[in-house]
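I set out to record, entry by entry, what I looked up in this structure. The sequence and the model are placed here for reference.

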Amino acid sequence: MKKVRAVYHDPDLVRAQTVFGDSVLGLETAKLIIQTKVRNCRLELFGYARSRRRAGSDQSKFLETIGGELWRWEQLLNGVVSKERVFQLEALAAKDYWEAVGLICCQKEDWRRIYPHATDILNILLNTGYLTLARKCRKTLLESGLLIELGILHGKNSRSPLVYDVMEI
């Protein structure tokens with residue numbers, strides 16, 4: 001039987017982590033995390049569009065259009081005043097991004113991102129990668145002494161919100 005090791009959490013660190021998550025700075029950090037994520041997705045799509053245009057593919061215009069939509073979501077994040085709205089805009093950007101990924105990976109037109117219980121190879125591979133990343137982030141955060149239960153953005157929809165916050169970065 002595996003022994004359970006008691007974990008000590010510094011009360012000052014726990015207090016600071018709690019206060020930060022509920023502060024204006026916490027909201028600004030959440031916005032910055034998601035803006036950076038959306039920007040990186042946008043730049044990736046523009047890179048693919050450029051290479052597809054050089055190859056003479058019709059996909060380049062669609063990818064540029066989706067990249068433009070991601071830019072719009074990125075700009076809308078500037079004026080956001082709640083974490084709920086950050087989540088909404090991130091979800092809209094993710095929907096657009098995954099539609100483009102499906103096209104890039106030559107999936108059927110109705111392909112969508114599925115987690116959990118994926119049956120197609122692309123989603124299975126993505127889920128495996130995300131699970132591996134989550135385990136690494138969880139281990140590192142636990143070793144740091146931070147409480148993984150206290151996140152900046154993913155507070156209410158997860159048992160380990162800080163893990164998912166770090167994965168966004």
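**Entry 1: Helix H5**

I began with H5, which has 24 residues and reaches 35 Å from its first C-alpha to its last, close to the 34 Å expected at 1.5 Å a residue. I note at once that the model is a predicted one. I then listed the buried residues of H5 and found Leu-122, Asn-123, Leu-126, Asn-127, Ala-134, Cys-137 and Leu-141. The cover over these buried residues includes H4 and helix H6, which runs over 161-168. Just after H5 I came to Gly-145, whose phi is positive, at about 95°.

**Entry 2: The whole chain**

I next stepped back to the protein as a whole. I counted six helices and zero strands, and from the N terminus on the elements read α-α-α-α-α-α. The C-alpha trace spans about 60 × 45 × 25 Å along its principal axes. Of the 169 residues, 37% count as buried. I also looked at contacts between residues at least 6 apart in sequence; 55% of them join residues at least 24 apart.

**Entry 3: The nonpolar cores**

Which residues have the most contacts inside the largest nonpolar core? I found Ile-34, Leu-45, Leu-70, Val-86 and Tyr-97, in a core of 27 residues. Helix H2 (24-54), helix H3 (59-76), helix H4 (83-104) and helix H5 (121-144) each supply at least two residues of this core. I also found a second, separate core of seven residues, with Leu-141, Ile-148, Leu-162 and Val-163 among them. As background, I note that nonpolar side chains tend to be buried together in soluble globular proteins.

I followed one core residue further. Leaving out residues up to four places away in sequence, Leu-70 touches Val-38, Cys-41, Arg-42, Leu-45, Ala-93, Asp-96 and Tyr-97.

**Entry 4: Helix H3**

Leu-70 led me to H3, where it is one of the buried residues. The others that I listed there are Gln-59, Ser-60, Leu-63, Ile-66, Gly-67, Trp-73 and Glu-74. Seen down the axis of H3, the buried residues fall within an arc of 135°, so they line one face of the helix. They pack against H2 and H4. I also checked the length of H3: its 18 residues should span 26 Å at 1.5 Å a residue, and the end C-alpha atoms are 26 Å apart, which agrees.

Still in this region, I looked at the ring of Trp-73. Arg-72 lies over its face, at 4.3 Å from the ring centre.

**Entry 5: Aromatic rings**

How many aromatic pairs does a search of the whole structure find? The search gave two. Tyr-97 and Trp-98 form an edge-to-face pair, 5.1 Å centre to centre with 70° between the planes. Both Tyr-97 and Trp-98 are buried. Ring pairs link Tyr-97, Trp-98 and Trp-111 into a cluster. I added that Arg-113 lies over the face of Trp-98, at 5.4 Å from the ring centre.

**Entry 6: The loop between H3 and H4**

In the loop between H3 and H4 I looked up Asn-78. Is Asn-78 buried, partly exposed or exposed? Its relative accessibility is 46%, so Asn-78 counts as partly exposed. Setting aside neighbours within four places in sequence, I found Asn-78 in contact with Lys-31 and Gln-35. I also compared its position with that of Asn-123, one of the buried residues of H5. Asn-78 and Asn-123 are 45 residues apart in sequence and 31 Å apart in space, C-alpha to C-alpha.

**Entry 7: The loop between H4 and H5**

My last entry concerns backbone geometry. Most residues other than glycine have a negative phi, and most peptide bonds are trans. I therefore recorded two places with another geometry: the peptide bond joining Tyr-115 and Pro-116, which is cis, and His-117, whose phi is positive. Omega of the cis bond is about -15°, and Pro-116 is found in the loop between H4 and H5. His-117 has its place in the loop between H4 and H5 as well, and its phi is near 65°. Is His-117 buried or exposed? With a relative accessible area of 72%, His-117 is exposed.

Conventions
Residues numbered from 1 in each chain as written. Predicted model: local features only at pLDDT ≥ 70, side-chain atom pairs only at ≥ 80, totals over all residues. Heavy atoms only, no water. Core = buried A, V, L, I, M, F, W, Y, C linked by side-chain atoms within 4.5 Å. Buried < 20%, exposed > 50% of the residue type's maximum accessible area, 1.4 Å probe, protein only. Helix = DSSP H or I, 4+ residues; strand = E, 2+ residues; numbered from the N terminus. Contact = heavy atoms within 4.5 Å. Expected span 1.5 Å × (residues − 1). Arc of directions from axis to C-beta. Phe/Tyr/Trp six-rings, centres within 6.5 Å; stacked < 30°, edge-to-face > 60°. Lys NZ or Arg CZ within 6 Å of the ring centre and 35° of its normal.
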